[in-house]
Amino acid sequence: MATRSNGPGERISEAEHAVMEVLWDRSPISAAEVCEAICADRDWSIPTVKTLLSRLVQKEAVGTEPQGRKFLYRPLIARSEYVGVESRRLVNRLFGGRAAPLFAQLAESEALTDDDLTEIEALLREMRK
């Protein structure tokens with residue numbers, strides 16, 4: 001899969017992100033297959049999915065390839081790349097570019113489980129090596 005080097009040019013909405021999750025899990029797939037995966041849970045129709053896919057193509061987050069009378073869609077950005085870009089945006093926007101206040105907020109709101117803390121500690125140990 002060819003991927004873009006620095007994420008989509010425009011932000012991806014929550015609805016578009018749901019479509020991207022399907023594409024990251026299995027692609028290339030058709031709009032109908034995307035709809036099979038998420039339309040029932042979200043009360044969407046195939047025209048809604050096609051609109052979202054069209055927006056993602058315009059944002060250069062998704063590519064298309066013709067297959068007979070339909071198109072197959074595939075992500076042009078990797079999930080890990082997207083998560084990295086969005087994480088940086090969040091930290092920059094809400095915490096002035098510093099990650100420590102993010103962790104402090106999560107700890108204060110009791111959003112971190114013991115397993116989360118164990119994973120974070122292991123990551124920090126690994127980073128310090």
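**Exercise 1. Determine whether Ser-30 is buried or exposed, and describe its surroundings.**

Solution. Step 1: Ser-30 has a relative accessible area of 5%. Buried means under 20% relative accessible area, exposed over 50% and partly exposed in between, with a 1.4 Å probe and protein chains only. Ser-30 is therefore buried.

Step 2: This is a predicted model, in which local features need pLDDT of at least 70 and side-chain atom pairs count only at pLDDT 80 or more, while totals for chains, interfaces and linings use all residues. Residues are numbered from 1 along each chain as its sequence is written, and side-chain values use heavy atoms, with hydrogens and water left out.

Step 3: Ser-30 belongs to strand β1. Helices (H or I, at least four residues) and strands (E, at least two) are DSSP runs, numbered from the N terminus.

Step 4: Contact means heavy atoms within 4.5 Å. Apart from neighbours within four places in sequence, Ser-30 contacts Lys-70, Phe-71, Leu-72 and Tyr-73. Leu-72 in β3 stands opposite Ser-30.

**Exercise 2. State the order of the strands in the open sheet and how they pair.**

Solution. Step 1: The three strands lie in the order β1-β3-β2, with antiparallel pairing. Two strands pair if DSSP finds at least two bridges between them.

Step 2: The edge strands, each pairing on one side only, are β1 (29-30) and β2 (62-67). β1 is joined to β3 (residues 70-75) by two bridges, and β2 pairs with β3 over six bridges. Pro-66 has Phe-71 in β3 as its bridge partner.

Step 3: The hairpin of β2 and β3 has two residues between the strands, and Gly-68 takes a positive phi near 65° there.

**Exercise 3. Identify which helices supply at least two residues each to the largest nonpolar core.**

Solution. Step 1: A nonpolar core is a set of buried Ala, Val, Leu, Ile, Met, Phe, Trp, Tyr and Cys residues joined through side-chain atoms within 4.5 Å. The largest one has 23 residues, of which Val-19, Met-20, Leu-23, Val-34, Trp-44 and Val-49 touch the most other members.

Step 2: At least two residues each come from α1, α2 (31-42) and α3 (46-58). α1 gives the most, with six residues.

Step 3: Consider Val-34 in particular. Leaving aside neighbours within four places in sequence, Val-34 contacts Val-19, Val-22, Leu-23, Ile-29 and Val-49.

**Exercise 4. Describe the secondary structure of the chain and the part where pLDDT stays under 50.**

Solution. Step 1: The chain has six helices and three strands. From the N terminus, the elements run α-β-α-α-β-β-α-α-α.

Step 2: Of the 129 residues, 30% are buried.

Step 3: pLDDT is the predictor's confidence in each residue, from 0 to 100. The chain averages a pLDDT of 90, and 93% of the residues score at least 70. Over residues 1-6, however, pLDDT stays under 50. Where pLDDT is low, the predicted coordinates should not be read in detail.
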